[in-house]
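Please open the structure in your viewer and keep the sequence panel visible. The tour proceeds by selection, one region at a time.

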Amino acid sequence: MIPMVIPRPRLASFGMRDKITKRSVDALRAASDGAEAVIWDTEVKGFGVRAQRGGSKSYIVHYRAGTGRGAPLRKVTIGKHGSPWTPDMARSEAKRLLGLVETGIDPGADKLARQEAPTVSELAERFLAEHADAKRKASTATEYRRLLDRIILPALGKRKVADVTRQDLAKLHHGLRQTPYQANRLLAVLGKMFNLAERWGLRPDGSNPCRHVERFGERKRERMLSPAELGRLGDALSAHAGSPYTAAAVNLLVF
């Protein structure tokens, strides 16, 4: 009896061309030096599957966004190999995307714009530089920085400015309900930041997420004047050149 020899699946080399099938994808491995390996489909030009270090495999499509060699080369990731992306489903999606390119639509433009869209941290930097430091007292700018560094940026700093919602800010505000004065000051800072974001074209007009977030009621705060402050007030009243009744009224209220 002649023994049957079952050939082992051939490992795809970097940048090879072959029809993308489940078998070829399963056999695909990253290069020994860690560089990604790619199979380019022989049926749909620009459609490929890549394997990266660690075993991750993704379906991709390459195209030029425009005509001529000077047009920028785009790479769009369709999805990771596995449910729901099979080779046939990914090939169909690649055909759809390449069809859009043929009509002059750049399917990767939205993704690129989103990657480049500013974060709340970047908005905060501009807010401090162009508004707080330039147009507010130093003490006010310091308070803005304190709220940003301690509360706002840890919660929202990595979020895209355009993605922040009213629910996000209502939750942040509600989390400070034990300190209503601070919660309301935080909301005021955010409100100004997002007003400027609209003015700077980072959000649509009228989209400020602070709108309709109800502020907490605040108790009036009382503070006693220090001896030094009382002394300065007394000196000012003594030097007051106006009506004596004004000075008398202040003395009655304070002393």
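The stops below lead from the whole chain to the sheet, then to the helices and the loops.

**The whole chain**

Begin with everything selected, bearing in mind that this is a predicted model. Colouring by secondary structure displays nine helices and five strands. Followed along the sequence, these elements give the pattern β-α-β-β-β-β-α-α-α-α-α-α-α-α. The protein has 255 residues, 33% of which count as buried. A surface representation corresponds to an accessible area of about 17,000 Å², with 54% belonging to carbon and sulfur atoms. Among contacts with a separation of 6 or more, 49% are accounted for by residues 24 or more positions apart.

**The sheet**

Next, select the five strands, which form an open sheet of mixed pairing in the order 1-2-3-4-5. Its edges are strand 1 (16-17) and strand 5 (73-80), each of which pairs on one side only.

Now restrict the selection to strand 3 (47-51). Is this strand enclosed by the rest of the structure or not? Strand 3 is largely enclosed, because five of its five residues are buried. The cover extends to both faces: Phe 47, Val 49 and Ala 51 are buried on one side, and Gly 48 and Arg 50 on the other.

Add strand 2 (residues 37-40), which pairs with strand 3 in the antiparallel sense over four bridges. Within this pair, Val 38 stands opposite Arg 50. Six residues separate the two strands of the hairpin, where Gly 46 adopts a positive phi near 95 degrees.

On adding strand 4 (residues 57-64), one finds five bridges joining it to strand 3, again with antiparallel direction. Phe 47 has Val 61 of strand 4 as its bridge partner. Strands 3 and 4 also form a hairpin, with five residues between them, and Gly 54 in the turn has a positive phi of about 100 degrees.

Strand 5 completes this part of the view: seven bridges pair it with strand 4 in the antiparallel sense. Here Tyr 63 stands opposite Arg 74 of strand 5. Display helix 2 (residues 87-102) as well; it packs on the sheet and touches strand 3, strand 4 and strand 5. The direction of helix 2 makes about 20 degrees with that of strand 4.

**A cis peptide bond**

Move to the loop between strand 5 and helix 2, where Pro 84 is placed. The peptide bond joining Ser 83 and Pro 84 is cis, with omega about 5 degrees.

**A pair of helices**

Select helix 4 (residues 120-135) and helix 5 (residues 138-156), whose axes come within 11 Å and cross at roughly 170 degrees. The crossing angle therefore makes helix 4 roughly antiparallel to helix 5. Side chains to show on helix 4 include Ala 124, Phe 127, Leu 128 and His 131, and those on helix 5 include Tyr 144, Arg 145 and Leu 148. The contact residues comprise 10 nonpolar, two polar and two charged.

**Two histidines**

Centre on His 174, which lies in helix 6 (residues 166-174). With a relative accessible area of 44%, His 174 is partly exposed. A distance monitor from His 174 to Asn 184 gives 9.9 Å between C-alpha atoms, for a separation of 10 residues in sequence.

The final selection is His 212, in the loop between helix 7 (180-199) and helix 8 (227-238). Is His 212 buried or exposed? His 212 is exposed, at a relative accessible area of 63%. Although not a glycine, His 212 has a positive phi of about 70 degrees.

Note on methods
Residues are numbered from 1 along each chain as its sequence is written. This is a predicted model: local features need pLDDT of at least 70, side-chain atom pairs count only at pLDDT 80 or more; totals for chains, interfaces and linings use all residues. Side-chain values use heavy atoms; hydrogens and water are left out. Axes are lines fitted to C-alpha atoms, for helices over the stretch in contact, and angles run from 0 to 180 degrees between N-to-C directions. Angles under 35 degrees count as roughly parallel, over 145 as roughly antiparallel, 65 to 115 as roughly perpendicular and the rest as oblique. Contact means heavy atoms within 4.5 Å. Ala, Val, Leu, Ile, Met, Phe, Trp, Tyr, Cys and Pro count as nonpolar, Asp, Glu, Lys and Arg as charged, and the others, Gly among them, as polar. Buried means under 20% relative accessible area, exposed over 50%, partly exposed in between (1.4 Å probe, protein chains only). Two strands pair if DSSP finds at least two bridges between them. Accessible areas come from the Shrake-Rupley method with a 1.4 Å probe; for residues, only the protein chains shown count as cover.
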